[in-house]
Amino acid sequence: MKWLGLAVLLLALAPDVVRADPQCAKSCRALAEKGELKQSVGLQGCIVRVCQEDGRRLYRDAKHEEALKTLDFVGEWLAPSAAYQLDLGLVYYALGRFDDALKSFDLVTKLFPDGLRGGSQRAFALLRLQRFAEAQEQFEKMLEAPAAKHEFRGLKTESYLRGYIGATQLMRDNPKEAAVSLKKAMKIDPRNTLASTYLFRVLPAFEAGNLGKEGVFMLLVASEDVGLRNFDRAEKQLDSLLGKFPKFGEAYALQAELLFSTYRYGECESKLLRAEKYLPDDVDLKVRRLRCSLLRHGPNTEAARPALEEIKKLQRQHPKNLLIREILIALDQA
């Protein structure tokens, strides 16, 4: 038993177990051994800089567990940094650790109260935690920031914020207020696809009783998870959403794009066939199904001919439909 206790103690003290170096740290140590580090940088400076950049790269590549390990390695040096806390919060968020993400974004907003990136991410974390009133308050607070007059994520910032305020108001079961916010967002910047989607697709479904406030939340979460390339999480959310609200076309469209982008054409076809039972007049859903049929069989095969002929027939019936035109151009059939 004594030997067992000693073995456990030695294992706990082993450097590779306690704090294994990530590749970024190993690279810096190798440079130090060769004497190739600049004196002004030093080993610690190299590790901090390279590991933070590696953490960001791993996050962009959707390698979120690796990104967290890399950022954790330099946390003792960078913890007071707003940039580090933002990086850490984004990784926690992508991993679904929304309480931890919120703590990091809280620190960022304390250091930079008017910062749009930290402020918006704090609002998103609150949304994920279903603290909708606080999320709306955070978005509205950011409208007053000086940076709200600039562009953020390719949109006029005020439009971006008002779009999310409108979505949040729907989650709070306030469709009239949501309509006002979404219309303002569109007026400020017609490029705002989130605002246009919620105004012209989500809100009408909500008002028709084909979607409830919990469905609005599930759609936002699934859309965001697709963007984070967390496809499994997004797919589960969409399945739950459509189980509750089977007449909500926008969720089928997102589900089709997810399956299309992961080359699962047979599943795309079968799930959109289900959609047509509930929404037989939705031309876009029918066209998405036919696109998946073409790709499942191969667009130039005999088996794909019925799908191609049906798309051409739909084009004659709906000559202004952009999705049909895009598909036919891609097939040199326009």
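## The cysteine pair at 268 and 292

Cys 268 has a relative accessibility of 1%, so it counts as buried, since buried means under 20%. Its partner, Cys 292, is buried as well, with a relative accessible area of 0%. Please keep in mind as you read that this is a predicted model. Cys 268 and Cys 292 form a disulfide, and their sulfur atoms lie 2.1 Å apart. The link between Cys 268 and Cys 292 is right-handed, with 70 degrees about the S-S bond. Cys 268 belongs to helix α17 (residues 265–278) and Cys 292 to helix α18 (residues 283–297), so the disulfide ties together parts that are 24 residues apart in sequence.

## Two more disulfides

How many disulfides are there in total? The count comes to three. One of them joins Cys 24 and Cys 51, whose sulfur atoms are 2.0 Å apart. This link of Cys 24 and Cys 51 is right-handed, with 95 degrees about the S-S bond. The pair connects distant parts of the chain: Cys 24 sits in helix α3 (residues 23–33) and Cys 51 in helix α4 (residues 42–60), 27 residues apart. Both Cys 24 and Cys 51 are buried.

Cys 28 and Cys 46 also form a disulfide, with their sulfur atoms 2.0 Å apart. Here the link is left-handed, with -80 degrees about the S-S bond. Cys 28 is in helix α3 and Cys 46 in helix α4, so you can see another link between distant parts of the chain, with 18 residues separating the pair. Cys 28 is buried, with a relative accessible area of 1%, and Cys 46 is buried at 3%. If you number the bonded cysteines of the protein chain in sequence order, the pairing reads 1-4, 2-3, 5-6.

## Aromatic rings

Now for the rings. A pair of aromatic rings is described by the distance of the centres and the angle of the planes. Across the whole structure, a search finds nine aromatic pairs. In one of them, the rings of Tyr 263 and Tyr 265 have centres 6.4 Å apart and planes at 85 degrees, so this pair is edge-to-face, a label for planes over 60 degrees apart. Is Tyr 263 buried or exposed? Tyr 263 counts as exposed, at 64% relative accessibility, whereas Tyr 265 is buried, with a relative accessible area of 17%.

Elsewhere, five residues form one aromatic cluster: Phe 124, Phe 139, Phe 152, Tyr 160 and Tyr 164. A ring can also have a charge over it, and Phe 260 gives you an example: the charged end of Arg 291 sits over the ring of Phe 260, 3.9 Å from its centre.

## Two backbone surprises

Most residues other than glycine have a negative phi. Which residue has a positive phi of about 55 degrees although it is not a glycine? That residue is Arg 153. Look for Arg 153 in the loop between β1 (151–152) and β2 (155–156). Arg 153 is partly exposed, with a relative accessible area of 44%.

Tyr 263, which you met among the rings, has a positive phi of about 65 degrees and is not a glycine either. Tyr 263 is placed in the loop between α16 (249–261) and α17.

## Salt bridges

The structure holds 27 salt bridges. Among them is the bridge between Asp 106 and Arg 122, with the closest N and O atoms 2.6 Å apart. This pair links distant parts of the chain: Asp 106 lies in helix α8 (residues 98–111) and Arg 122 in helix α9 (residues 116–128), 16 residues apart. Asp 106 is partly exposed, with a relative accessible area of 24%.

The side chains of Arg 57 and Asp 61 also meet in a salt bridge, at 3.8 Å from N to O. Arg 57 counts as partly exposed at 34% relative accessibility, and Asp 61 counts as partly exposed at 36%. In another salt bridge, the side chains of Arg 131 and Glu 134 meet at 2.9 Å, N to O. Arg 131 is partly exposed at 33% relative accessibility, and Glu 134 is partly exposed with a relative accessible area of 34%. Salt bridges can also share partners, and in this way Glu 235, Asp 239, Arg 264, Glu 267 and Lys 271 are joined into one network.

Note on methods: Residues are numbered from 1 along each chain as its sequence is written. This is a predicted model: local features need pLDDT of at least 70, side-chain atom pairs count only at pLDDT 80 or more; totals for chains, interfaces and linings use all residues. Side-chain values use heavy atoms; hydrogens and water are left out. A disulfide is a pair of cysteine sulfur atoms within 2.5 Å. Helices (H or I, at least four residues) and strands (E, at least two) are DSSP runs, numbered from the N terminus. Buried means under 20% relative accessible area, exposed over 50%, partly exposed in between (1.4 Å probe, protein chains only). Rings of Phe, Tyr and Trp (its six-membered ring) pair if their centres lie within 6.5 Å; planes under 30 degrees apart count as stacked, over 60 as edge-to-face and the rest as tilted. A charge sits over a ring if NZ of Lys or CZ of Arg is within 6 Å of the ring centre and within 35 degrees of the ring normal. A salt bridge is a side-chain nitrogen of Lys or Arg within 4 Å of a carboxyl oxygen of Asp or Glu.
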